[in-house]
Amino acid sequence: MKILDALAAARPADLEATPDADRRYRDLDKALSQPVETPRRQGRPVRRLAIGVVAVGAAAAVAVAISGQGPGRSPAPKKTPGDGKVGAEPIMLAADKAESQPLGRYWTSDTVWGVSYIVSAKTGNYAITGAAWETFEWTAVKAGGGNLFYGRDLPARPQTPEDKAAWRKAGSPSSFRVWSNDHYQTYSRSTGRWEADHRQARPGGRFDFSGMGSKSSPNGVTFEQLRHLSTDPDQLRQNYLQNPQNPAQRLLSISEDLMSAPVPPKLRAGIMRMLPRLPGVYSVGTVTDPLRRKGIAFAADWPTSGPLYHGYGNRTEIVFSEDGEFLGTENVLTEPGAEYAEQRPGFVINYHVARGSAWTDKKPSPPTKLPF
Amino acid sequence: MVTDPDAVGRFTALYDEFYPRVHAYAVSRTGRTLAEEVTSETFCVVWRRFHDLPDPPLPWILGVARNLLRENYRAKAREESLAAELRHWASSVPDIGEDVEERTSVLRALATLSDADRELLTLVAWHGLSTDEAAKVIGCSRATYFVRLHRARKRLERAMTDETPETVGRRAAAYRTETTR
């Protein structure tokens, strides 16, 4: 007797169920109201999702955001939430410097992701950056000119010199097994190869951008549309406020826009000027980002209650260089608690930073050098 | 607005396509009392980790459900819900065809196995997964899965040929010990 066949024949007929309309709506609403996390799976490029809201069924708010996953120690200096010591002036200066930059036939965007984890070792725990990932995308300004997205794994590594010493003491392991949300994940110290995502290549000419308010198209915007978009900070504020997001989600949305689209310098300057006018956004002052670049940051806190609250305080910081270059966002601990009870405020929980966005006339290819 | 409503569209399509499969898995693992809740929670995680979704997605999604069951539900609650489910299966075999007895016997024998064995067997026999896919759900290598499946099959065969009230009771006790430790 083939026992598995007998077992298959005995399968109860009513295991499957189809959700009724009410159940379906509640499930989708519940799921889609949660933030999407930074990618963790290794070895396959994935396209970023942008932030915003669309209707699902009757209506469901969709917020796609970075969320904290693992503890570690911040390479950035400690910061006090909402100190308000630095006003709008430095970001204005940066915005002024952003006015004059060249254009080209292709626009490239190179970004780096990372998540902090604590490795448990008998010789002493230490923090690493894992789930580290680099994406590179080029898009032709003209439709038909093409687009290609690449991804590669970056090596997991101890964060600070102290962490490096603890890692050496533990025998310099070449991989790290860490607890990540709901399972153990192993991150290695090797660098992955660039993989091009040909399946999702697009014809070019369009870019993801959510800052056009109700005029934003799901198919993206053309560079011409971006060029003609109002650069007035108040108008831009109005556009972004049409997306029902919390302040921190809104900063992530803006960050995604600046990473996904060739935002003309004047528009970028307008966006930077808009930041201090957004509800819930406050100045942080000077910071050092995970790629060790100095910049100036604005921040917004994540809610301290409700489904997005995970037992610790954190905020999203959006960072620009003093020359007006967009540097990225980082999710920073403000009040230790839950899995971050032993970390200090200022600890970077995770980040998504722009390694570089550039115009070029030559068909681009991803960089071979590591970002750190 | 979302500049990528594609993602939402793909997620809802994924939900519609795989809800019955995830529900079936949840029922077989924990009984229908908890199945809806587990399925709902599973799709929350799927959306949160939408960037990580592999192709094909089902083994990964079932792996999410499996982790949720292990981490978020007390063993006792699962055991009670599943015990009711096992009774339901054994008593509700449709009285059609020649093999009613055999089907009832298989289900009774299955009920005496450990939770781990039952999972190994049903992933392949009931949920239509290949051994590669089932190994992904369990989180082990294909080779390891084969070995475990082989042993589980042997135990199921033994349980079927050795099904007396006494042995059933003994195996059920062993099964409870194994699943709650």
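## Strand β2 and its partners

In which sense do strands β1 and β2 of chain A pair, and over how many bridges? In this predicted model, β1(A), residues 106–119, and β2(A) line up in the antiparallel sense, with 13 bridges. One spot to look at is A:Ser109, whose bridge partner in β2(A) is A:Glu137. Between the two strands of this hairpin sit six residues, and A:Gly124 there takes a positive phi near 130°.

β2(A) itself spans residues 126–140 and is mostly covered: 15 of its 15 residues are buried.

## More pairing along β2

β2(A) also pairs with β3(A), residues 147–153; the two run antiparallel and are joined by seven bridges. Here A:Thr135 has A:Gly151 in β3(A) as its bridge partner. These strands form a hairpin too, with six residues between them, and A:Gly144 in the turn has a positive phi of about 95°.

Then there's β4(A), residues 157–158, which pairs with β2(A) in the antiparallel sense over two bridges. In that pairing, A:Ile128 stands opposite A:Pro158 of β4(A).

## The nonpolar cores

A:Ile128 turns up again in the largest nonpolar core, a set of 64 residues. It is among the residues with the most contacts inside that core, along with A:Val119, A:Leu251, A:Ile271, A:Ala297 and A:Phe298. Take A:Ile271: leaving aside neighbours within four places in sequence, A:Ile271 is in contact with A:Leu236, A:Ile254 and A:Val263.

Another core, of 55 residues, lies apart from the largest one. Its members include B:Tyr25, B:Leu69, B:Ala125 and B:Val137.

Note on methods. Residues are numbered from 1 along each chain as its sequence is written. Chains are lettered from A and ligands numbered from 1 in the order in which they are written. This is a predicted model: local features need pLDDT of at least 70, side-chain atom pairs count only at pLDDT 80 or more; totals for chains, interfaces and linings use all residues. A residue is buried if 20 or more other C-beta atoms lie within 10 Å of its own, exposed if 12 or fewer, and partly exposed in between; C-beta atoms are placed from the backbone. Helices (H or I, at least four residues) and strands (E, at least two) are DSSP runs, numbered from the N terminus. Two strands pair if DSSP finds at least two bridges between them. A nonpolar core is a set of buried Ala, Val, Leu, Ile, Met, Phe, Trp, Tyr and Cys residues joined through C-beta atoms within 7 Å. Two residues are in contact if their C-beta atoms, placed from the backbone, lie within 7 Å.
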